[in-house]
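Please open the model in your viewer and set it so that both the protein chain and the ligand can be selected. The tour below goes from one selection to the next and says what is there.

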Amino acid sequence: MKQSELDFINSLRQSSRYIEQHRGKTCVIYLPDVLMSAPESFKQLSQDLSLLHQLGLKIVLVMGATAQIDSALTTHKINWQLHQHFRITTTEMIPIFQQTIGLLRSQMEAVFSQANTQHASPLPIISGNWVTAQPKGVVEGVDFQHTGKLRKINHQAISASLEGGQIVLLTPLAYSLTGEVFNLNTLEQACEVANAIQADKLMIFSSTQQLQNMPKQMNVAELECLLQASSDPKQTHFLSQIAKTKHCIKRVHLIDQNSPDALLQELFTRDGHGTLIFSDRYHQLRPASIEDVGGILEMITPLENQGILAKRSRERLELEINNFIVIERDQDIIGCAALYPISNKLGELACLAVDPNYQGQSLGLELLQAIETKAIKAHLKQLCLLTTHTHHWFIEHGFQLNELKALPKERQSLYNLQRQSKVLIKTLHSVTYN
Ligand SMILES: CC(C)(COP(=O)(O)OP(=O)(O)OC[C@H]1O[C@@H](n2cnc3c(N)ncnc32)[C@H](O)[C@@H]1OP(=O)(O)O)[C@@H](O)C(=O)NCCC(=O)NCCS
């Protein structure tokens with residue numbers, strides 16, 4: 001079998017758990033103006049959205065149109081002003097907003113009609129007056145006129161459309177109960193709609209600049225710290241919008257708008273593509289440091305005494321601490337694992353343990369996957385381990401029982417005959433997890 005075919009099969013295997021995880025979940029996706037400006041990438045994105053829809057995700061799209069509106073206003077020789085990052089929308093601008101957004105909506109419907117051709121039916125996309133607006137008002141003496149803010153969301157109607165198998169599209173235009181037209185900030189709208197419909201995920205396509213210096217993952221406390229440290233007003237505005245979702249949305253994903261494949265990569269791979277901000281996990285997986293030795297010993301000593309783990313002295317642990325990763329929760333170490341290089345192709349997983357109070361929450365699996373990712377990054381091809389009690393757990397996670405002689409001679413010579421541990425080996429694939 002060709003390498004490309006093998007890679008494809010492995011990717012399919014790895015992604016299957018995410019397919020199951022995401023089925024039936026509601027996902028609000030913020031599409032900024034630039035995505036609509038590049039027809040070819042937008043076509044690809046619409047096909048990816050069609051795939052997500054077929055895999056059972058319920059999708060709400062919130063479309064930004066700043067660049068297109070800037071260009072239309074320039075064409076009509078209308079100047080505009082910003083205040084606190086928001087455009088002041090005058091009465092004379094409204095027909096131009098309506099034309100521009102009407103045109104974009106029509107273009108989007110056309111692209112979505114094409115996206116689903118394999119299934120001989122257009123991808124159903126629907127928009128409507130589900131968002132009620134009110135004036136943003138006069139702020140610091142500046143009248144925002146037709147720039148509005150969200151007053152109410154008919155979340156039942158949105159949910160009913162999603163249940164009916166439709167993709168919901170929201171645009172910057174919304175209407176007041178008095179029938180006036182308002183221009184809403186779409187990032188703000190995406191966050192508020194996600195809150196109102198209690199979406200499982202909010203995915204925000206962001207600029208490379210907005211994603212600069214962002215870690216791969218952070219919890220809401222870390223987001224708050226980043227927000228407080230931010231000195232760039234645009235970044236502060238961006239982060240503060242996202243921070244408002246922290247009590248309602250478990251996962252916010254920030255993905256690069258310049259990477260057309262980012263959406264699928266973020267959802268179906270272990271490492272994702274951009275930054276994940278989570279409020280449903282209060283633990284942190286990270287490399288261990290010397291300060292963690294006490295916490296690790298506290299957790300593994302009872303397991304060593306039961307013969308489940310091989311004994312390690314404090315001195316040895318201190319020397320080998322760089323091989324360890326830990327899971328920390330509220331400053332306690334509740335999980336650990338280590339990777340030891342055996343040869344340039346083989347690594348050994350050792351000392352995998354989860355505090356009994358936290359077992360059964362997939363933390364063991366999370367540690368195993370982190371070790372596998374670390375091994376793959378170190379260009380190792382196989383992972384081996386020795387265990388006395390836990391071989392079934394490892395077999396369930398892709399390891400195979402082997403003879404001791406399958407290990408390199410140097411490792412065989414260190415085998416503790418008294419422990420009679422079972423030898424397991426797993427071949428690593430270059431695909432990572434989410
Ligand atoms: C093995 C261990 C790390 C798994 O951690 P965890 O966070 O509970 O793992 P997960 O939540 O991903 O998996 C839990 C599942 O594994 C099963 N499991 C736990 N220990 C097992 C074992 N020894 N054999 C087979 N299955 C086991 C649980 O019953 C549970 O099954 P379920 O999902 O069907 O209910 C944890 O049980 C542990 O610390 N064990 C003691 C140390 C150890 O044996 N380490 C391995 C030696 S290197």
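A polar contact, as the term is used on this tour, is a pair of N or O atoms within 3.5 Å. Keep in mind throughout that this is a predicted model.

Begin by selecting the ligand together with Leu 365, where a polar backbone atom of Leu 365 is found 3.3 Å from an oxygen atom of the ligand. Next add Val 354, which has a polar backbone atom 2.8 Å from an oxygen atom of the ligand, and then Leu 363, whose backbone N or O atom lies 3.5 Å from an oxygen atom of the ligand. On its own the ligand has 910 Å² of accessible area, and the protein covers 67% of that area.

Now widen the selection to the 19 residues around the ligand, of which Leu 352, Gly 360, Ser 362, Gly 364 and Thr 390 come nearest. By type, the residues of this shell are 10 nonpolar and 9 polar, with no charged residue. To see which elements they belong to, select β20 (346–354), α14 (363–377) and α15 (391–396), each of which supplies at least two residues of the shell.

For the last stop, leave the ligand and select helix α5 (residues 94–115), in which Gln 114 lies. Is Gln 114 buried, partly exposed or exposed? Gln 114 has a relative accessible area of 39%, and therefore counts as partly exposed, since that class runs between 20% and 50%. Finally, add Lys 43, which is 71 residues from Gln 114 along the chain, while the C-alpha atoms of the two are separated by 8.6 Å.

Note on methods. Residues numbered from 1 in each chain as written. Predicted model: local features only at pLDDT ≥ 70, side-chain atom pairs only at ≥ 80, totals over all residues. Heavy atoms only, no water. Near = heavy atom within 4 Å. Polar contact = N/O pair within 3.5 Å; in protein donor to acceptor, adjacent residues only side chain to side chain. Areas by Shrake-Rupley, 256 points an atom, 1.4 Å probe, with all protein chains shown as cover. Helix = DSSP H or I, 4+ residues; strand = E, 2+ residues; numbered from the N terminus. Nonpolar A, V, L, I, M, F, W, Y, C, P; charged D, E, K, R; others polar. Buried < 20%, exposed > 50% of the residue type's maximum accessible area, 1.4 Å probe, protein only.
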